[in-house]
Amino acid sequence: QPSSIVKTIDDIFHPSSIAVVGASQEESSFGHQYLQVLVESGYQGRLYPVNPREKEILGIRVYPSLNDIPGKVDYVICCINARLVLDLLAQCARKNVRAVHLFTGKLSETGDEKAYHLEEDIKKQARDLGINLIGPNCMGIYYPGERISFNHDLCMEPGSVGAIVQSGGLAGEIVRLSALRGVRFSKVVSYGNAADLSETDFLEYFLWDNATKIILMYL
């Protein structure tokens with residue numbers, strides 16, 4: 001039988017709604033790029049940009065906070081400063097969000113002691129609130145079957161290779177360069193610092209994933 005972690009990760013890959021916290025009009029920002037890529041990729045679920053200083057981005061209504069979103073939120077992409085993450089997790093708990101992708105970096109990967117302790121606090125709070133984390137410091141998920149992507153030019157034709165990649169930049173390059181050789185992916189995850197969900201959790205998931213026939217890992 002698949003474990004509860006397999007079900008948890010499967011739910012993450014099938015969100016009916018995604019909130020991009022830290023969405024921005026600034027085209028060079030990742031808060032803008034995540035939203036734009038999801039729109040361009042043809043994601044069919046509901047998109048909720050969150051930013052207290054914006055009203056509309058790419059023609060989509062922006063909400064001041066997670067709490068202001070009227071509908072259910074399945075998955076949060078977090079593009080805000082690390083020191084704001086603990087407050088965001090509290091909002092996620094009130095909104096019954098079960099999974100958060102922390103694009104947010106400048107945490108344990110820096111080697112800074114304060115940043116390391118903040119990441120530990122984030123990890124503990126997420127666990128206490130029953131929220132699963134991807135990251136921090138990563139690009140998150142690419143799933144062509146659900147039209148979810150994290151880069152502009154990734155092939156949206158599904159295939160049978162699942163990839164588990166520590167590095168965000170390399171995750172995109174692996175998909176991009178493999179596509180030139182005819183390789184197509186079932187799902188890819190860039191998992192960064194692995195504060196919560198780790199490479200072993202994703203490996204177990206891909207073992208159960210019917211669409212995945214080959215598993216590629218970059219650790």
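The following legends describe close-up views of a predicted model.

**View 1. Packing of helix α3 against helix α4 in the predicted model.** Helix α3 spans residues 85-94 and helix α4 spans residues 113-129. Their axes lie 10 Å apart and enclose an angle of about 5°; the two helices are therefore roughly parallel to each other. On the α3 side, the contact is formed by Val85, Leu86, Leu89, Ala90 and Ala93. Helix α4 contributes Leu118, Asp121, Ile122, Gln125, Ala126 and Leu129. Classified by residue type, this contact comprises nine nonpolar residues, one polar residue and one charged residue.

**View 2. Cysteines Cys78 and Cys92, and the absence of disulfides.** Zero disulfides are found when the whole structure is searched. For Cys78, the closest cysteine sulfur belongs to Cys79 and lies 6.7 Å away, which is too far for a bond, because a disulfide requires two cysteine sulfur atoms within 2.5 Å. Cys92 likewise takes part in no disulfide, the nearest cysteine sulfur being that of Cys78 at 8.0 Å. Cys78 has a relative accessibility of 0% and therefore counts as buried. Cys92 is also buried, its relative accessible area being 0%.

**View 3. Surroundings of Asn193 in the loop between β10 and α6.** The loop that holds Asn193 connects strand β10 (185-190) with helix α6 (199-208). The relative accessible area of Asn193 is 17%; this residue is classed as buried because the value falls under the 20% limit. When residues up to four places away in sequence are not counted, Asn193 touches Leu107, Ser108, Glu109 and Glu119, together with Gly135, Pro136 and Asn137.

**View 4. The open four-stranded sheet β8-β10-β9-β11.** Four strands form an open sheet in the order β8-β10-β9-β11, and their pairing is mixed. The edge positions are occupied by β8 (140-142) and β11 (214-218). Each of these edge strands has a single partner strand, so one side of each has no neighbour in the sheet. From one strand to the next, the twist averages 10°.

**View 5. Pairing of β8 with β10, and helix α5 on the sheet.** Strands β8 and β10 are paired in the antiparallel sense over three bridges. Tyr142 is placed opposite Val188 in β10. Helix α5, which covers residues 168-180, packs on the sheet and touches β8, β9 (161-165), β10 and β11. The direction of α5 makes about 160° with that of β10; the two directions are therefore roughly antiparallel, as the angle is over 145 degrees.

Terms used:
Residues are numbered from 1 along each chain as its sequence is written. This is a predicted model: local features need pLDDT of at least 70, side-chain atom pairs count only at pLDDT 80 or more; totals for chains, interfaces and linings use all residues. Side-chain values use heavy atoms; hydrogens and water are left out. Axes are lines fitted to C-alpha atoms, for helices over the stretch in contact, and angles run from 0 to 180 degrees between N-to-C directions. Angles under 35 degrees count as roughly parallel, over 145 as roughly antiparallel, 65 to 115 as roughly perpendicular and the rest as oblique. Contact means heavy atoms within 4.5 Å. Ala, Val, Leu, Ile, Met, Phe, Trp, Tyr, Cys and Pro count as nonpolar, Asp, Glu, Lys and Arg as charged, and the others, Gly among them, as polar. Buried means under 20% relative accessible area, exposed over 50%, partly exposed in between (1.4 Å probe, protein chains only). Two strands pair if DSSP finds at least two bridges between them.
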